[in-house]
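Biologist: Please take a close look at the largest cavity in this model. I would like to know which residues line that cavity.

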Amino acid sequence: MTRFTRFPSAVLSALFLACGGSALHAADVVPKGFNTPIPNDVLTPDSVRTRIGTFNYFDGFPDDETMRISRRQVDLGRGIQTFLNFMPAASLEMLYVGHRDGYGMQPNRDIGLFDELMSSKSLWLTGNTDTVYASAFLDLSDGPVVVEVPPGTGPGTVNDAFFRFVVDMGGPGPDKGKGGRYLILGPGQKAPSNTDGYFLATTPSKINWLILRGFLDEKGEPDTARTAFQNGLKVYPFVQRNNPPSNTFKNLTDWQVNTIHANNFKFYEELDDVIQREPSEMFSPELLGMASAIGIQKGKPFNPSFAQKKLLTEAVAIGNATARSILFSPQDPKAYIYPGKAGFWQTGFPGGSHEYLVNGGNGGRDMDSRTLFFYLATVNTPAMALELPGVGSQYAFSSRDGSGAYLDGSKTYKVNIPANPPANRFWSFVVYDPQTRSMLQSKEMPYPSKNNKRNTDMAKNADGSTDLYFGPKAPVGKEANWVKTVPGKGWFGIFRLYGPGQEWFDRTWKLGGIEQL
C-alpha cells in the first residue's frame with residue numbers, strides 16, 4: 001500500500017471537485033503519523049478552490065482568510081434565509097402596524113371597513129376592489145376574544161402572527177354563512193366551561209388578524225354588506241360578554257397607509273418586534289436559531305454592528321431578488337395552472353396546500369411555494385387552496401404576455417374571458433403594481449379593475465366571451481372593457497372567481513392568455 005507523508009493538495013482538490021460532493025471511492029491512504037488506512041472522503045486537502053474564494057489549510061486547520069470568508073458566507077446565508085422564512089411574520093406585523101399607527105385602530109375594539117371598496121391608494125398586498133373588507137386585529141394577551149359574524153358574510157379568516165391559518169368564518173367557516181359567535185383562545189388559554197353556542201379556535205400568538213369579506217349586492221354596490229357588518233359584526237373580550245362594549249367602525253377607503261413589509265434592513269427590525277412580543281413557542285427552535293444567529297433574540301436588544309448591518313443589508317437585497325424571482329419566474333411546473341405554462345397563469349398555492357406541505361408532509365415544506373404566496377398576497381386559508389366548488393374563491397395571476405415577456409404599461413394588451421365563467425357569484429380582473437404588489441395607481445382610474453357584477457356595461461362578443469383591454473389609452477370603442485396602465489411601469493393581473501364552479505377545477509373552462517396588440 002502506498003504511503004504519503006502529505007496527501008498532495010492538488011490531487012485531493014481535484015477529487016473533491018470532480019465528485020461534486022459525493023463520497024470518494026479511491027483507495028484509502030495512510031497519512032504520516034496514522035496507524036490505519038483513512039478514507040479519502042474524510043480528509044481535507046491543503047487547498048480547495050470555491051466560488052467565494054480559495055480555502056487554505058494546514059493539515060485541516062483553516063487559515064484566517066478561510067475562516068473569514070467561510071464565516072461571512074454562512075452569516076450572509078442566514079440573513080437571506082431569515083428574510084425568506086420569516087416573511088409571513090413581517091408581513092402580518094406590518095398589517096398590524098398599519099392598522100395601529102396608520103389607521104389609528106386599537107385591537108379588540110376598532111373595525112375597519114372599506115365602505116366604498118378598496119382603491120389603489122391603499123398599500124395592501126393584492127387587495128381587491130370587488131368585495132367589502134372588514135378588518136380588525138385581536139389581542140389575546142389578557143384572555144380570549146369573541147368575534148360575532150353576521151349572516152351572509154363571505155369568506156372570512158383569522159390568521160396568527162406568523163400568517164398561519166387559525167379558523168375560517170362566513171361561507172367557508174363552520175357557521176356556513178349563517179352567522180355565529182367564535183371564541184378565539186390565545187397562547188396557553190383554556191376554553192371556559194360556559195362556551196355553548198360558540199365555535200372555538202386556538203392560536204399560538206397574541207396578535208391575530210381578522211379579515212372578512214362581504215359581497216356586492218345585485219346592483220354591484222357595497223351597501224348591503226357594509227350595513228350587515230355595521231349592525232352585526234362584533235369583537236370584544238370574552239370576559240365582557242354579558243355587556244360587550246360597542247365597536248368603532250372606521251371607513252378605510254382612500255386612506256394612504258402602508259401595510260407591506262420592508263425589502264431593506266428595516267425588515268429585520270420589523271421581525272424583531274414580532275419575536276420580542278410573541279411567545280417563543282410560536283416558532284420552531286430552528287427558525288428562532290436562524291434569527292438568533294443574526295442577532296435577533298427574544299429578551300435581547302437587536303443592535304448589530306456597522307459590519308453586521310452592512311452584511312444584513314446585502315442579505316435582504318439577495319433575499320428580495322430571490323423572492324421576486326420565485327414569484328414572477330417560478331421554475332416549478334406546479335406553480336402554473338395550465339400545462340406547458342399556457343398563458344403563464346400562476347397559482348398562489350403550488351401543490352394545493354395552504355401549509356405548503358409536500359406529499360402530505362412526507363416531503364417537508366415547499367419553501368419556494370410559501371415564499372411565492374407571502375411575497376404576493378395575504379390571507380392564508382385552506383378555502384383558497386382546496387377544491388370547494390361553489391364556496392370561497394379561486395385565483396389566477398400572470399405577469400407575462402403570450403410570448404413570455406413581462407407586461408409593459410406603455411403597451412396595449414387584450415385577454416379573452418371565455419363565455420360562461422364558472423363563478424356562482426361573479427368574476428373580476430384587477431391590475432397590480434409589481435413594485436408594491438398593491439393595486440396599480442393612476443389618477444384617472446383609482447379602481448384598476450373590471451368585474452361582471454359591477455361593470456355591467458362591458459361589451460360581450462357574439463360567442464358570449466368578454467375581451468378586456470389594458471394599456472395607457474383605451475382602444476377606440478373599447479372604453480367600457482379597458483383598464484388603464486402606466487407607461488414606464490410594469491403590471492400584473494389577477495383573475496378571481498367567487499363561488500368557483502367545477503369547470504374551473506377540472507380545467508374544462510380555460511382562461512385565455514394576455515396578448516399584446
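Modeller: What follows describes the cavity first and then the confidence of the model around the chain.

This is a predicted model, in which local features need pLDDT of at least 70 and side-chain atom pairs count only at pLDDT 80 or more, while totals for chains, interfaces and linings use all residues. Residues are numbered from 1 along each chain as its sequence is written, and side-chain values use heavy atoms, with hydrogens and water left out.

A cavity here is a set of points on a 1 Å grid over the protein atoms alone where a 1.4 Å probe fits but cannot get out, and lining residues have an atom within 4 Å of a point; points are joined across faces, edges and corners, and the volume is the space filled by probe spheres set on them. By this rule there is one cavity of 30 Å³ or more, and the largest cavity has a volume of about 40 Å³. Its lining is made up of Y96, H99, R100, M105, Q106, P107, D110 and F137, which by class are four nonpolar, two polar and two charged residues, where Ala, Val, Leu, Ile, Met, Phe, Trp, Tyr, Cys and Pro count as nonpolar, Asp, Glu, Lys and Arg as charged, and the others, Gly among them, as polar. Helix α3 (residues 87-102) gives the most to this lining, with three residues, helices being DSSP runs of H or I with at least four residues, numbered from the N terminus.

As for confidence, the chain averages a pLDDT (the predictor's confidence in each residue, from 0 to 100) of 93, and 95% of the residues score at least 70.

Definitions and conventions: On a 1 Å grid over the protein atoms alone, a cavity is a set of points where a 1.4 Å probe fits but cannot get out, and a pocket is an open set with protein on both sides within 12 Å along at least five of seven lines; lining residues have an atom within 4 Å of a point. Helices (H or I, at least four residues) and strands (E, at least two) are DSSP runs, numbered from the N terminus.
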